[in-house]
Every structure is written in C-alpha cells, then in structure tokens.
Amino acid sequence: MNNSFSDSYKAAGVDVTAGYKAVELMKSHVARTSIPGVLSGIGGFGGLFAPDLSGMQQPVLVSGTDGVGTKLKIAFLMDKHDTVGIDCVAMCVNDIICSGARPLFFLDYVAVGKNVPERVASIVSGVAEGCVQAGCALIGGETAEMPGFYPADEYDLAGFAVGMVDRSKIIDGTKIQPGDVLIGVQSSGVHSNGFSLVRKVFNVGPQSLSMHIDELGGTLGETLLTPTKIYVKPLLALIEQCDVHAVSHITGGGFYENIPRMLGENQRAVIEKNAVPVKPIFKVIQSWGDIPEHDMFNTFNMGVGLCIALPKDEADKALEVLAANGEQACILGEVRTGETGVELC
C-alpha cells in the first residue's frame with residue numbers, strides 16, 4: 001500500500017497523488033517509444049540505456065536541449081496539449097541530427113501550475129509521438145507542480161536528447177566548399193520559433209485563433225499549432241546515400257543566424273529568394289504585421305526547416321532520396337567565396 005500523501009502539502013497547492021496518477025496515465029505512451037537498448041521503465045531515479053556500439057570505431061555522444069517557447073500560449077488558449085510535445089522533441093533531435101548523430105533517447109521536463117493528470121498525460125503523448133517519429137526512446141522525465149510560479153492552467157515544457165555518431169562520420173561543416181549546392185527541406189509551418197512576434201501580430205486570443213483565414217485553408221489556431229517537422233529519418237537516409245557536407249536547422253534567427261553556423265571562414269550562402277517555398281502563414285504574418293522582409297528571414301524559417309550543403313553533382317540524387325522519404329525539397333542556391341553570411345538575391 002502506498003502511504004505517500006500529504007494533506008499539508010496539498011493545502012499548499014501540491015498534490016503528490018495527482019503526480020502518481022499522471023505517471024500511470026502516461027505509461028502507455030512511453031511504452032510506444034521503447035527501442036533496443038532501453039533498460040529501464042519510467043519511475044526510477046535515472047533512465048538506463050545501453051547503446052549498440054557494433055560497427056562503431058569511435059562512438060561520440062551528441063546532446064541537445066530546448067523547449068517549446070511561447071507557442072505554448074496557443075496550446076493554452078486552444079486547450080489542446082497533445083502536439084506541443086512533438087515540437088519539444090523536434091527542437092532537440094533536429095539539432096543533433098545536424099551532426100549526423102542518430103538520436104538514442106529523450107527526457108522531458110514539464111512544470112505545471114496545477115497537476116491535472118489527464119493534461120500532463122496528453123502533453124506526454126505528444127512527446128512520445130515525437131520520439132516515435134525520431135526513432136528514439138523516452139526513458140525518463142520530470143513533472144514539477146509549482147503553484148504560485150505558474151498559473152493553474154499553464155505549464156512549461158522542455159526536453160533533452162542524446163544521440164550517437166561515429167567520429168569519422170561527424171558532419172561539422174569542414175567539408176563544405178564553394179560550389180556546393182544548398183538544398184532546402186520544407187517545414188510544416190512556423191515550427192516553434194518566433195511566436196512572441198506571431199502573438200503580437202495577431203493579438204492572439206480565443207477570437208483571433210478561431211478565425212478562418214482563406215489563405216491558410218483553416219483557422220489561425222490550427223495553423224499555428226501545426227507541430228514542428230522531425231527530419232531525423234529522412235536525413236539519416238540522405239547521409240547514407242549522399243556526401244552531405246553540412247546541415248543547418250532553421251530555428252530562431254531564421255536564415256541569417258542559422259545558415260552561417262554551418263559555413264566555413266570566407267564562405268557565403270547565396271540564396272535565390274524565388275526558390276524559397278514560402279508558406280502562406282508567413283505571407284499572412286508579414287502582411288498583417290507589416291514586417292520588413294529582412295526581419296521575416298531573420299525570425300522565421302519561411303518554409304525551410306533544414307538547409308543542406310552537398311556537392312553539386314549529387315543534388316538530383318539528394319532530391320530523389322528526400323522525396324522517397326516523404327520530404328519536399330528544392331535547390332535554394334549555392335555556397336560561394338565571400339564574407340561569411342547569407343545573401344538573398
């Protein structure tokens with residue numbers, strides 16, 4: 001019999017029994033993510049994972065951590081919590097895959113104003129779905145009830161991922177060179193960046209989120225809450241079949257901040273603006289907010305979630321591999337000699 005309860009703590013706003021119920025409700029979601037190597041279930045003090053090192057000469061661990069940011073405000077207003085976990089996983093695993101690392105496991109952190117077990121389980125269901133899409137295991141996490149710190153109907157969500165790559169196969173941009181083609185892999189929408197500006201532009205509230213906008217083919221809320229695309233499996237397939245020189249995950253800071261991170265000294269990314277597959281949501285944001293083009297490309301992904309550099313003679317094959325793995329991609333431009341940065345022309 002579990003005698004762990006505290007009426008005094010509950011009177012202070014923390015219900016430990018609600019935490020136990022949340023764990024029970026999330027167990028089925030966590031079970032979906034189990035892969036070879038998982039040695040423990042949730043509930044322990046640490047998640048255990050035994051990686052398969054066969055074929056590895058010098059295994060290197062690659063880690064990444066991130067949160068969902070103020071996109072969560074949209075989830076609160078819509079009372080829809082089963083997709084933001086996908087965003088959380090995506091923001092982490094899409095970063096570590098840029099190094100060529102295969103994600104192994106993930107841990108989440110959910111901080112709530114009030115522990116509503118069903119809501120926490122819904123959040124974790126999204127995390128589990130993200131892990132399934134990424135091919136990694138959810139091996140642990142933490143739910144913290146923090147009354148007085150967060151409003152009762154709000155929460156924060158963050159995560160941490162670990163992947164592995166053989167040292168000789170690390171993608172670190174050292175192979176990139178002038179003449180390389182830049183390929184853009186399409187995003188699913190705004191992903192999970194720039195939402196402070198998005199919320200300002202639309203004066204986000206229940207009324208604005210329920211608006212049907214013809215250009216979007218649905219409501220504003222549905223479009224904004226579209227989960228971040230997870231690129232792990234398509235990119236791993238591309239790495240197996242093509243000589244990928246560098247990869248950039250287009251997150252906060254857009255093109256101007258993220259693409260230079262994969263370039264070498266005196267290398268410049270020259271991108272044809274007309275080649276960028278700008279999604280309708282970005283056109284609506286720019287129009288409604290009267291936002292300069294530079295600020296749009298310096299804040300949002302503009303329809304490109306990943307930018308990949310590889311030899312020009314492999315461009316067609318790369319597009320074929322990505323298409324075969326369900327991704328829409330296009331040639332954005334090329335790498336040239338010049339001051340490090342991005343040139344949109």
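**Exercise 1.** Describe residues 177-339 of this predicted model by the separation of the end C-alpha atoms and by the helix and strand content.

*Solution.* Step 1: the C-alpha atoms at the two ends of residues 177-339 are 14 Å apart. Step 2: helix makes up 35% of the span and strand 21%. Step 3: for the record, UniProt, in an unreviewed entry, assigns residues 177-339 the feature "domain: PurM-like C-terminal".

**Exercise 2.** State how the chain is divided into domains, and determine how many residues each domain brings to the contact.

*Solution.* Step 1: domain 1 covers 7-169, and domain 2 covers 180-344. Step 2: the contact draws 30 residues from domain 1 and 30 residues from domain 2. Step 3: the centres of the two domains, taken over C-alpha atoms, are separated by 25 Å.

**Exercise 3.** Characterise the interface of domain 1 and domain 2 by buried area, salt bridges and polar contacts.

*Solution.* Step 1: about 2400 Å² is buried between the domains, and carbon and sulfur atoms give 71% of this area. Step 2: with a cut-off of 4 Å between the charged side-chain atoms, zero salt bridges are found across the interface. Step 3: nine residue pairs, both residues at pLDDT 80 or more, are in polar contact.

**Exercise 4.** Identify which elements of domain 1 supply at least two residues to the side that touches domain 2, and give the classes of residue on that side.

*Solution.* Step 1: the elements are helix H3 (72-78), helix H4 (84-96), strand S2 (102-112) and helix H5 (117-134). Step 2: H4 gives the most, with nine residues. Step 3: by class, this side of domain 1 has 16 nonpolar, eight polar and six charged residues.

Methods:
Residues numbered from 1 in each chain as written. Predicted model: local features only at pLDDT ≥ 70, side-chain atom pairs only at ≥ 80, totals over all residues. Heavy atoms only, no water. UniProt positions renumbered as here; feature names shortened; annotations may be inferred. Helix = DSSP H or I, 4+ residues; strand = E, 2+ residues; numbered from the N terminus. Domains from an automatic or database assignment. Contact = heavy atoms within 4.5 Å. Buried area = accessible area lost by both parts, 1.4 Å probe. Polar contact = N/O pair within 3.5 Å; in protein donor to acceptor, adjacent residues only side chain to side chain. Nonpolar A, V, L, I, M, F, W, Y, C, P; charged D, E, K, R; others polar.
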